[in-house]
Amino acid sequence: MMDIARLWPDPDAAPLDDAALTELYAHRAGPDLRVNFVSSVDGAVELDGYSEGLSSGSDKRVFGLLRMLCDALVVGAGTLRHEGYRALRLDEKRRAWRTARGMSEYPTLVVVSGALELNPAQAAFADAPVRPIVVTHGRAPADRRALLEPVADVLTVGDDRVDLSAALARLRERGLAHLLSEGGPHLFGALLAEDLVDDVCLTISPLVTGPGAGRIVAGAPTPPKDFTLRHALIADGALLTRYGLDR
């Protein structure tokens, strides 16, 4: 297991165990939405087309922990397809942690898609331990909706575009209070535009990739928002940071 130490606050070179990491990344008391990304030193969101090339053992450790802590994982359809998402499963230890705290064994996968260009045979749907949710709008193709309905709950929020604020309200009505999004960048940009992001977890990989790749956020410009650094961790040259919005 990759050692992770705290740089800030209270610098400590001693490796953090899973309990200490869980406390550092714990969700706030009320409903919230957290995003998690990895980028290079020069801001790239991918290497050779995929985020996997930027990740490391420590990043994957936090990645798995964040999934354990959330009620639902929210992801854009393009990211689900491109990154080849599998079924959202956790190991026995993490399932036990969740059930001991009154949570379901597994988080729910939530896919945001306007066009519904999704394959119901993809493992993320076909092998899911919990029935996924697909969030779309009223003008989504009816034939694609019909193909997905056997493997997922399809929620309609918005007339001709996905209303993300309404979508989050619908998810919270289902008891999914603590949400984690792994992107992609366009979904992150849309969530920022509607002021729905409470927490940003960003791993900075010790790589410089050069020009070409996009950033962790894409889409229409949005006003700057001041986030507060909650912690900074280090592991084998990678920085693992968490920023929160003071509401």
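On a 1 Å grid over the protein atoms alone, a cavity is a set of points where a 1.4 Å probe fits but cannot get out, a pocket is an open set with protein on both sides within 12 Å along at least five of seven lines, and lining residues have an atom within 4 Å of a point. Grid points are joined across faces, edges and corners, and a volume is the space filled by probe spheres set on the points. The model is predicted, so that local features need pLDDT of at least 70 and side-chain atom pairs count only at pLDDT 80 or more, whereas totals for chains, interfaces and linings use all residues. Residues are numbered from 1 along each chain as its sequence is written, and side-chain values use heavy atoms, with hydrogens and water left out.

**Exercise 1. Describe the largest cavity and its lining.**

Step 1. A search of the whole structure gives three cavities of 30 Å³ or more, and the largest cavity holds about 40 Å³ of space.

Step 2. Its lining includes Val-74, Val-110, Leu-164 and Leu-191; by class there are 10 nonpolar, no polar and no charged residues (nonpolar: Ala, Val, Leu, Ile, Met, Phe, Trp, Tyr, Cys and Pro; charged: Asp, Glu, Lys and Arg; polar: the others, Gly among them).

Step 3. Strand S4 (108-112), helix H7 (164-173) and helix H8 (185-193) each supply at least two lining residues, where helices (H or I, at least four residues) and strands (E, at least two) are DSSP runs numbered from the N terminus. H7 gives the most, with four residues.

**Exercise 2. Work out the order of the strands in the sheet and place H8 against it.**

Step 1. The open sheet has 10 strands in the order S1-S9-S10-S8-S2-S7-S3-S4-S5-S6, with mixed pairing; two strands pair if DSSP finds at least two bridges between them.

Step 2. Strand S1 (5-8) and strand S6 (153-156) stand at the edges with a single partner strand each, so one side of each has no neighbour in the sheet.

Step 3. From one strand to the next the twist averages 25°, with axes fitted as lines to C-alpha atoms, for helices over the stretch in contact, and angles running from 0 to 180 degrees between N-to-C directions.

Step 4. H8 packs on the sheet and touches strand S2 (32-40), strand S3 (72-76), S4, strand S7 (178-181) and strand S8 (199-205), its direction making about 135° with that of S2; contact means heavy atoms within 4.5 Å.

**Exercise 3. Find which parts of the chain Lys-93 and Asp-18 tie together.**

Step 1. Lys-93 forms a salt bridge with Asp-18, the closest N and O atoms being 3.7 Å apart; the term requires a side-chain nitrogen of Lys or Arg within 4 Å of a carboxyl oxygen of Asp or Glu.

Step 2. Because Lys-93 lies in helix H4 (residues 92-100) and Asp-18 in helix H1 (residues 18-24), the pair ties together parts that are 75 residues apart in sequence.

**Exercise 4. Characterise the largest pocket and the second largest pocket by volume and lining.**

Step 1. The largest pocket contains about 1,200 Å³ of space; of its 38 lining residues, those closest to its centre are Ser-51, Thr-79, Glu-83, Tyr-85 and Glu-182.

Step 2. This lining divides into 14 nonpolar, 13 polar and 11 charged residues, and its largest share, five residues, comes from H2.

Step 3. The second largest pocket has a volume of about 450 Å³, and its 20 lining residues divide into 13 nonpolar, five polar and two charged. H8 gives the most to this lining, with three residues.
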